[in-house]
Amino acid sequence: MKILVAEGYADERIRILPPELLEAVSAKGTWEKYTAIHGGALANLARRREEEVLAVVGMLDEALKRKKAIVLAYPPRGIGYDSGRGGYLNAVAYLAHELGAAVISLDAHFPWGTWDLHVRLGFPFVAIYSGAEGPPPGKLARKSDKIVAVPLPPGASDRSIIPALKLIERLGGIPLVLEVGLDLYRLEPLGYFFATTNAYYEAGKLVEGGGYIVLDCVSSKSINALRALLSGAEGGDNPSPEEPQEENTAVRREVDKVLRKAGERILKIVKSN
C-alpha cells in the first residue's frame with residue numbers, strides 16, 4: 001500500500017520518505033468542494049495557488065474512489081476554516097465531510113485546525129494527544145458534545161496508546177478518517193512518548209477493512225513506524241515489531257482514569273447518533 005500525494009505537491013516530509021512508498025496522483029478538484037470546508041481569508045489565499053490546491057482536492061477525490069487510502073497533503077492539524085498554518089486545505093475534514101465519517105487524531109500536538117472544523121461541521125472527533133501541551137477535556141466538552149479527548153501524560157507507551165486506539169472499536173460501523181502524527185514514536189525528537197511500531201501497526205489496522213489515514217508529522221526517525229502503519233492498513237504483518245517500553249505507576253494510573261472517561265464519552269456519542 002502506497003501513500004498518495006498530489007502530482008507536483010512537495011514539502012520536506014515528502015522529500016524524506018522513500019520514493020517506493022509514494023504514488024503521485026494527477027487530478028483536479030473543484031472550488032465548490034473546497035469551499036464546503038474552507039472560506040474567508042484562507043480561501044482567498046488558496047485561490048492564489050489554484051493549481052496546487054485543486055491538485056490536492058483532486059488527489060483526495062481519487063482516494064475516496066479507492067475506499068481505503070493513506071494520503072499526505074498539507075499538514076492538517078493547523079488548518080481551520082478560514083486560517084491555516086502550513087497549508088490551504090485540511091484533508092482530514094475534507095474526507096470526513098465527504099464520507100460522513102468520524103475523525104481519530106493520534107498526534108502529540110492537539111490538532112486545533114481540525115478542532116475548529118469539527119465545531120463547524122459536527123463530525124465525531126476522538127483526539128489522542130499530549131495532555132502536557134493540549135487542552136483539558138472539560139474545556140473541549142463545553143464546546144462540543146461530539147468530542148472525545150484522550151490526553152496522555154509524558155511517559156506513555158504502547159501500554160496506554162494501544163488501549164486508547166482500541167476505544168475506537170466502540171464507534172461501531174461508522175467510517176473512519178485518521179489523522180496520524182508519528183511524533184509519539186519512541187525515536188522522535190519530542191522525547192517523552194514511547195510508542196513503538198506496534199502501536200502504529202494497530203492504528204493502521206483500524207482502516208484495514210476500509211477508511212482513510214492522513215499523515216501529519218513524519219520524519220526520517222519514524223520510517224519504521226510509518227511502514228508498520230502501512231502494513232496494518234493493508235492487512236499484513238508488522239514488518240519490524242519492537243519490545244514495548246514500561247510505564248511507571250503514576251502514568252498507568254492517570255491513563256486508566258483518562259481511558260475510563262473517554263470510553264463513557266464514546267458510549268454517549270454512539271447512543272446519540
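I count two residues as in contact when their heavy atoms lie within 4.5 Å. The model I consulted is a predicted one.

**Entry 1. Asn198**

I looked up Asn198 and found it in helix H9, which covers residues 197–205. I then asked whether Asn198 is buried or exposed. Its relative accessible area is 16%, so I recorded Asn198 as buried, the limit for that class being under 20%. Setting aside neighbours within four places in sequence, I listed the contacts of Asn198 as Asp158, Ile162, Asn238, Pro241, Glu242 and Pro244.

**Entry 2. The sheet**

I next traced the strands. Eight of them form an open sheet with parallel pairing, in the order S2-S1-S3-S8-S7-S4-S5-S6. Which strands stand at the edges? I noted S2 (22–25) and S6 (147–152); each has a single partner strand, so one side of each is left without a neighbour in the sheet. From one strand to the next, I read an average twist of 25 degrees.

At the S2 edge I examined the pairing with S1 (residues 3–6): the two strands run parallel and are joined by four bridges. Within this pairing I found Val5 opposite Ala24 of S2.

I also checked two helices against the sheet. Helix H6 (residues 112–121) packs on it and touches S4 (102–106), S5 (125–130), S6 and S7 (176–180). The direction of H6 makes about 160 degrees with that of S5. Helix H10 (residues 223–234) lies across S1, S3 (68–71), S7 and S8 (211–215), and I recorded its angle to S3 as about 165 degrees.

**Entry 3. Lys68**

I located Lys68 in strand S3. With a relative accessible area of 24%, Lys68 is partly exposed. Beyond its neighbours within four places in sequence, I found Lys68 in contact with Met1, Val207, Glu208, Gly210, Gly211, Tyr212, Ala233 and Glu234.

Which backbone oxygen does the side chain of Lys68 reach at 2.9 Å? I identified that of Ala233. A polar atom of the Lys68 side chain also lies 3.0 Å from the backbone oxygen of Glu208. For Lys68 and Val177, I noted a C-alpha to C-alpha distance of 9.8 Å across a sequence separation of 109 residues.

**Entry 4. Aromatic rings**

I searched the whole structure for aromatic pairs and obtained eight. In one of them, Tyr9 and Tyr74, the ring centres are 5.1 Å apart and the planes stand at 75 degrees, so I classed the pair as edge-to-face. Tyr9 belongs to the loop between S1 and helix H1 (12–16), and Tyr74 to the loop between S3 and helix H5 (91–99); the pair therefore ties together parts 65 residues apart in sequence. I recorded Tyr9 as buried at 11% relative accessible area, and Tyr74 as buried at 2%.

Tyr74 also pairs with Tyr88: I read 5.6 Å between the ring centres and 85 degrees between the planes, so this pair is edge-to-face. Tyr74 and Tyr88 lie in the loop between S3 and H5, 14 residues apart. Tyr88 is buried, with a relative accessible area of 19%.

Elsewhere I noted a cluster in which ring pairs link Phe110, Trp112, Trp115 and Tyr129.

**Entry 5. Charges over rings**

I finally looked for charged groups over aromatic faces. The charged end of Arg47 sits over the ring of Trp31, at 4.5 Å from its centre. I found Arg120 over the face of Tyr81, 3.5 Å from the ring centre.

Key:
Residues are numbered from 1 along each chain as its sequence is written. This is a predicted model: local features need pLDDT of at least 70, side-chain atom pairs count only at pLDDT 80 or more; totals for chains, interfaces and linings use all residues. Side-chain values use heavy atoms; hydrogens and water are left out. Buried means under 20% relative accessible area, exposed over 50%, partly exposed in between (1.4 Å probe, protein chains only). Two strands pair if DSSP finds at least two bridges between them. Axes are lines fitted to C-alpha atoms, for helices over the stretch in contact, and angles run from 0 to 180 degrees between N-to-C directions. A polar contact is a pair of N or O atoms within 3.5 Å; within protein, one must be able to donate a hydrogen and the other to accept it, and residues adjacent in sequence count only if both atoms are side-chain atoms. Rings of Phe, Tyr and Trp (its six-membered ring) pair if their centres lie within 6.5 Å; planes under 30 degrees apart count as stacked, over 60 as edge-to-face and the rest as tilted. A charge sits over a ring if NZ of Lys or CZ of Arg is within 6 Å of the ring centre and within 35 degrees of the ring normal.
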